[in-house]
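Please look at one helix of this protein and at the empty space in and around its fold. The sequence and model come first.

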Amino acid sequence: MALPTWQYDELMRAYDQRRQQNQDLHRRRLSEVYAKIPAIKQLDEEISSHSIAIGRKMLFDSDESALKELRDKNLELSMAKVEYLVQNGYAPDYLDPIYTCRACKDTGYIGNKKCSCLKQAIVNQLYKQSNIYEKLIEENFQTFSYEYYSEEQLYPNRPSPRRNIVSIVERCMDFISTFKSNPGQNILFQGSVGVGKSFLTNCIAKELLDESCTVIYLTAFELVEVFENHRFHRSSDGESSYSMDYILNCDLLIIDDLGTEMTNSFVASELFLCLNERLLRKKSVIISTNLSLSQLKDNYTERVISRIAENYLICNIYGEDIRMKKSFK
């Protein structure tokens, strides 16, 4: 999913404004230099006249020697202009056109392809609307550490917390690497408080945001608020409020702490509709919860759990409370 049209248009208006500001600065510099060094204004007029002549020669005359003579003369005039600038204490490029991005000349495009500056602007916009921008500064794969997971086996016939999380991270990497080529993958992170479910979710979110994917992070409470606003036509204000259309169409929807919100038949029904619709549209979901599947079944409906059981990669994270371990470090 690309940026909504209104957000893309907003970015393009920012590019228009940037070009206008740079053009205004360029005009002010010209006025300043022309007033101080009149000879440069005369040189610019000569350069302009020769450029027009070059254009006419290219269109109507095949005399290559005359064309070369005009170009050489323009080069000579340009060098004289630079000498005047330097002699009067200006940088050689002081009167060059001003661009924030020289690659695309502040248009956002090189030919018909997005310039790297526009791609970065889109990524920055996606970060802002993802609802987890500040978290991702600290919670990402670069700061993820296995040291908080013990190598000692806690349960019979199950790997140690360390081996378990290594395996889960490998699956997460597969999820990321095939996200665009295999749309509609989903993950359920289960585990007790503090074992790293949300941290790992944020790691995935950052990688996908950096790939220009649209990611929306909501706690279960916030998602219920979106359901209520949509169903009962309430106005919604604030940066963390989203339309139902965006919830259904973003590339990745993250639902954090499912099961901590107040549940009832309305919430269960809306959650099923949301998850089912995203399955039909092949849009990915990551859910984190402290509850087991049987506990989730008690809170919601069998339809919700059947969708999760059939269509989600279920990752059970276990070990000690990492937050507690960090607090004692």
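The report below takes the helix, then the pocket, then the cavity.

This is a predicted model.

**Helix α6**

Start with α6, which spans residues 161-177. This helix has 17 residues. From first C-alpha to last, α6 reaches 24 Å. That is close to the expected 24 Å at 1.5 Å a residue.

Which residues of α6 are buried? They are Pro161, Asn164, Ile165, Ile168, Val169, Cys172, Phe175 and Ile176. These buried residues sit on the same side of α6, because they cover an arc of only 135° around the axis. Arg163 and Ser177 are on the other side of α6, and both are exposed. Here, buried means under 20% relative accessible area, and exposed means over 50%.

What do the buried residues of α6 pack against? Among the strands, they meet β3 (186-190), β5 (252-258), β6 (284-289) and β7 (313-316). They also pack against the helix α7 (197-209).

**The largest pocket**

Now turn to the open space. A probe the size of a water molecule, rolled over the atoms, shows where empty space is left.

The largest pocket holds about 430 Å³ of space. Its lining has 21 residues. Glu139, Gly196, Ser198, Phe199 and Arg323 lie nearest the pocket's centre. Three elements, α7, β5 and α13 (322-327), each supply at least two lining residues. Of the elements, α7 gives the most, with four residues. Both α7 and β5 also pack against the buried residues of α6.

**The largest cavity**

How many cavities of 30 Å³ or more are counted? There is one. About 30 Å³ of space lies in the largest cavity. Its lining consists of Ala220, Leu223, Val224, Phe227, Leu258, Glu261, Val267, Leu271 and Tyr300. Two elements give two or more residues to this lining: α8 (220-231) and α10 (265-280). The largest share, four residues, comes from α8.

**Lining by class**

The table sets out the classes of lining residues for both spaces.

| Space | Nonpolar | Polar | Charged |
|---|---|---|---|
| Largest pocket | seven residues | seven residues | seven residues |
| Largest cavity | eight residues | no residues | one residue |

The pocket lining divides into seven nonpolar, seven polar and seven charged residues. The cavity lining has eight nonpolar residues and one charged residue, with no polar residues. Glu261 is one of the residues lining the cavity.

Note on methods: Residues numbered from 1 in each chain as written. Predicted model: local features only at pLDDT ≥ 70, side-chain atom pairs only at ≥ 80, totals over all residues. Heavy atoms only, no water. 1 Å grid on protein atoms, 1.4 Å probe; cavity = no way out; pocket = protein on both sides within 12 Å on 5 of 7 lines; lining within 4 Å. Points joined across faces, edges and corners; volume = space filled by probe spheres on them. Nonpolar A, V, L, I, M, F, W, Y, C, P; charged D, E, K, R; others polar. Expected span 1.5 Å × (residues − 1). Buried < 20%, exposed > 50% of the residue type's maximum accessible area, 1.4 Å probe, protein only. Arc of directions from axis to C-beta. Contact = heavy atoms within 4.5 Å.
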